[in-house]
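Colleague: I would like a close look at a single part of this model. Please keep the answer connected, and take the aromatic rings as the starting point.

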Amino acid sequence: MRLHQLTVTAFGPFAGTERVDFDQLASAGLFLLRGATGAGKSSVLDAVCFALYGEVPGARKGNPLRSDHADPLLLTEVRLDVTLGGRRLEITRSPEQKRPKRRGTGLTTEKPQTLLREWCAELADGSAGWRAVSKSHQEAGEEIRRLIGMSRDQFCQVVLLPQGDFARFLRADANDRAALLRQLFDTGRFDQVERWLGEQRRGHEAKVQAGLRGLRDLAGRAHEVAGPAAEPAGGWVPGEDGPPAELADGLLAWAAILRGGAAEQLAVAHSALAAAESAQEAAQRHHERAGELADRQRRHRAAVLEAARLADSSADLARDQQRLTAAQAAVGVESLLRLRDGAATAHRSAERTERERRAEAGADPAVDADGLAATERQLREQLGRLAAARSDEQRHAELGREQEQLTHERGRAEEAAEDAQEWLVGFDARLKTLQDDQTEARAAEARVEQLDTRRTELAGRLDAAARRDALRGRITQAEGELLTLRERALDARGHSQDLRERRLTGMAAELAGQLADGEPCRVCGSAVHPAPARPSGAQVSAEDEERARAVQLRAEQEAGDAESALTALRVDEASAAGAAGTQSVAELREALGSVEQHRREALRAADGLGLTTQRIAELTAEQHKQQSELRQAGEHSAALAAKVQTLAAERAELGLRVAAARGDAPSVAARSVALTSLADALAAAAGAARTGAETAARLGGAEHELRQAARAAGFADPEAARAALLSSTELSALKTRLESRRAARDAAEARLAEPELVAAAALPAVDLPMVQAELQAATTRLRTASAEENTARERLAALARIGRELTILAAELAPALERFGRINRLAGLAAGTSGENVLRMRLESYVLAARLEQVAAAASDRLVRMSGGRYTLVHSDDRVSGNRRSGLALRVVDAWTGIDRDTATLSGGESFFASLALALGLADVVTDEAGGMPLDTLFIDEGFGSLDEQTLEEVMDVLDGLRERDRAVGIVSHVPDLRSRIPAQLLVKKGRHGSTLRLADRESA
């Protein structure tokens, strides 16, 4: 992680916009943030933390982020340019804050905002620039957290080393130290393992206890099912506890004894049930025979009583027979009675209808039907004469409607003429306005052509300026790469020359290596080689020299290619700079935007030219149309006026003829309707009079026939015959009653003659209640025996089922007990409660102790240098008393005395550099834990004032060593001695209107 630039606006003590160029500050490795107390040195670190995590360090989390000195219209914002994981990012954040409303008075809340951008060497348009990555708080935060590899708390402890906070780890007790280590190293997963093991132990224990409870429950159920009568005299007793294995064996044996007793009880109950069934069957047969005899005796008694009752009702039977005979004689007169009644009803209806029709027609009751018909014919003739008058009346109404329509049409023609005349009055003014608009649009068209030329020029210069800036960035990068390649080529050249010199030095050993027994030496010619030179351990061969030479040539070639490419980039940059001129990309972009704005305005004005020309043509055409309509409307109005006069004369003549025809009626049609209605009423009255005469004649004939038929049937008059009549239902019921009485008399006589009834009546009466009591007693004994047999069977089945369940549960409980033993042992070890855990350390504490040991080792490397070789830090895993944690203690070893002691015995200055060493060691271990991401920028906030000059020098040497691998260290302090030691400085100056930032050198300090 490397910081490049920080920009803060209205943040903390900074009222305006302040920028910090970390690239310039970190070029020397060490840099100093200084200023008066309360000026805002730590606020710079707060801004860095806020940009990365959206929050400030924990100790200052509650402080307001917005500056009290800032202008209300200036919003708080922090922008950080940083490299994370090899990616150049720009992070912009603004917190939730109050701002003045844009409309009205008062304040409104501005929501927090986040913008994450990434620098790209080539965008979609081919240029270099920033590319938006995300505007989401959560998405941007997750991406930054992934690239940093640390949480906010880890970052503050490792990178910022906050004021008064990095010594907290040295002074903390075991519990506080464990909390901090857990936070930094995320060891919560080991605590989760401890809790998981505890939960597993409790779960397995619950299963074992559940199994034991199940065994006891089954034993209780078996005891309840068996009952006290089946319980064995000795053996296991339900409710007694013991070892689980013995408990299961005792239960299984006890259950087997219970099942044997239950089987014996079932055999006894089965025998008793068979005897009860035989006795009940005999009682049932005796009950059935007694019931049959009692039924015959009852039927004989009922037949005797029925015969006596029928003998008493013989007089009623004679009366019913006489009434039946009279009713059958009256059947012949019934049809004539109905005929006479129908004729009377029809005559009464005809008389009522005749009276109603005469009243409707207003006719005299003395006038007969023929007189009414004559009056109707006279009215019909008069209606024929009114038909011609009705045609004249209809024509008179049609002429009125036509006259009214022509009058309305004439009014519309006059209104159209007035509208056309009114439109023509304003024609000249509208035409003049459109012609002026046409002139302005043509002028705007000319301006568009001029602005197009200017826009093309500025666009070309903007592209050239963007290309120029991109090439400058590439040139800077290429220069760095060229420097690296040159250094690599020099290194390769030096390595090749070194190998060549070493090969020349060991040439004798190389020649000796080519000697063979019996062959002459190439140097001295001797075939005997008594003491050939031996190669050294770093002997260089010709192949080594050739490979080094090839690497040198390749490195020099790459450096030459890079130099040629750099030259080409510089030529392209010069060409682009000449085309772009002296203006920057922002200035050219602003100028181009202005031209684009003017061009759009001119285009909008010029776009109206075609529309204006079209509207002029449409207005001229409308003028001709309105003139034509004005002329046509005048001619049409005159023609309509003449036609209205003609229609009025014809309508007056028709009105005279219609008035004479309608008389007193409102119209001819109304008079015709009235005469038609009267003629119809007279016709109906005449018809009703003829119908009345006909019904009177039919009524007289029906009465004569009825009198003759009644005398023939033996009745004195028709009314006597009517009284003897019965309805079909009554007649049928009377016949049925007579037949039923005769059948009942015959049936009673037949039953009294049956032999079996006569024999049963001769026997003594049956005592049926006593027989039923005997059957009920036998049935009760059978039910009791059956219930006892069923109970014995169910008891045996239940005991067998419980025995099987006991066997299965005992088998399942054995592996559960074994698993519980294993998990109980593991949980005790992890929780530190087991006797096997000698140190009594929990699993998480053990892991934290291992991390603390790494931290102490890393811190001691620097503490030895800071303390002049006197102090080292060691980790102690000794057990402690009380509730404090074991294994998280720190001791300081004093090399001068050889004694290790508590860190609390260190002096103030010693505590500072010991804490600093511990914090730096903690930073190294956390960095390795986070994946080894390089931390190129590190801050140390305060604490140097407690050091003497010698110790300060040693501490500065250690901090200066942090610059290895291009690491930059920022020290936040107002110690005067540091101003002369650290050249690069950032001055925080406070004032009445807020603090400001500026770069300062050692001389200005």
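Which residues form one aromatic cluster?

Modeller: This is a predicted model, so read every value below as computed from predicted coordinates. The cluster is made up of Phe22, Phe31 and Phe939. Across the whole structure, the search returns five aromatic pairs. One of them is Phe22 with Phe939. Their ring centres are 6.0 Å apart, and the planes meet at 80 degrees. That geometry is edge-to-face, because the angle is over 60 degrees. In sequence, the two partners are distant: 917 residues separate them. Phe22 belongs to helix 1 (residues 22-25). Phe939 belongs to strand 13 (residues 937-941).

Phe939 also pairs with Phe31. Here too the arrangement is edge-to-face, with 6.0 Å centre to centre and 85 degrees between the planes. Phe31 sits in strand 3 (residues 30-35), and Phe939 in strand 13, so this pair ties together parts 908 residues apart in sequence. Phe939 thus takes part in the pair with Phe22 and in the pair with Phe31.

Next, burial. Phe22 has a relative accessible area of 2% and is buried, because the cut-off for buried is under 20%. Phe31 is buried at 1%. Phe939 is buried as well, with a relative accessible area of 1%. The cluster of Phe22, Phe31 and Phe939 is therefore built from buried residues.

Now the cysteines, for context. The disulfide count is zero. Cys49 is buried, at 0% relative accessibility. Cys120 has 16% relative accessibility, so it also counts as buried, the limit being under 20%.

One more element, elsewhere in the chain, is a hairpin. Strand 11 (residues 889-894) and strand 12 (residues 899-902) run antiparallel. Four bridges join them. In one of the strand contacts, Val893 has Asp900 of strand 12 as its bridge partner. Four residues lie between the two strands of the hairpin. Gly898 is in the turn, and its phi is positive, at about 75 degrees.

Back to the rings. Phe22 from helix 1 and Phe939 from strand 13 are one link between distant parts of the chain. Phe31 from strand 3 and Phe939 are another such tie, so strand 13 is joined to strand 3 through this pair.

Technical notes
Residues numbered from 1 in each chain as written. Predicted model: local features only at pLDDT ≥ 70, side-chain atom pairs only at ≥ 80, totals over all residues. Heavy atoms only, no water. Phe/Tyr/Trp six-rings, centres within 6.5 Å; stacked < 30°, edge-to-face > 60°. Buried < 20%, exposed > 50% of the residue type's maximum accessible area, 1.4 Å probe, protein only. Pairing = 2+ DSSP bridges. Disulfide = S-S within 2.5 Å.
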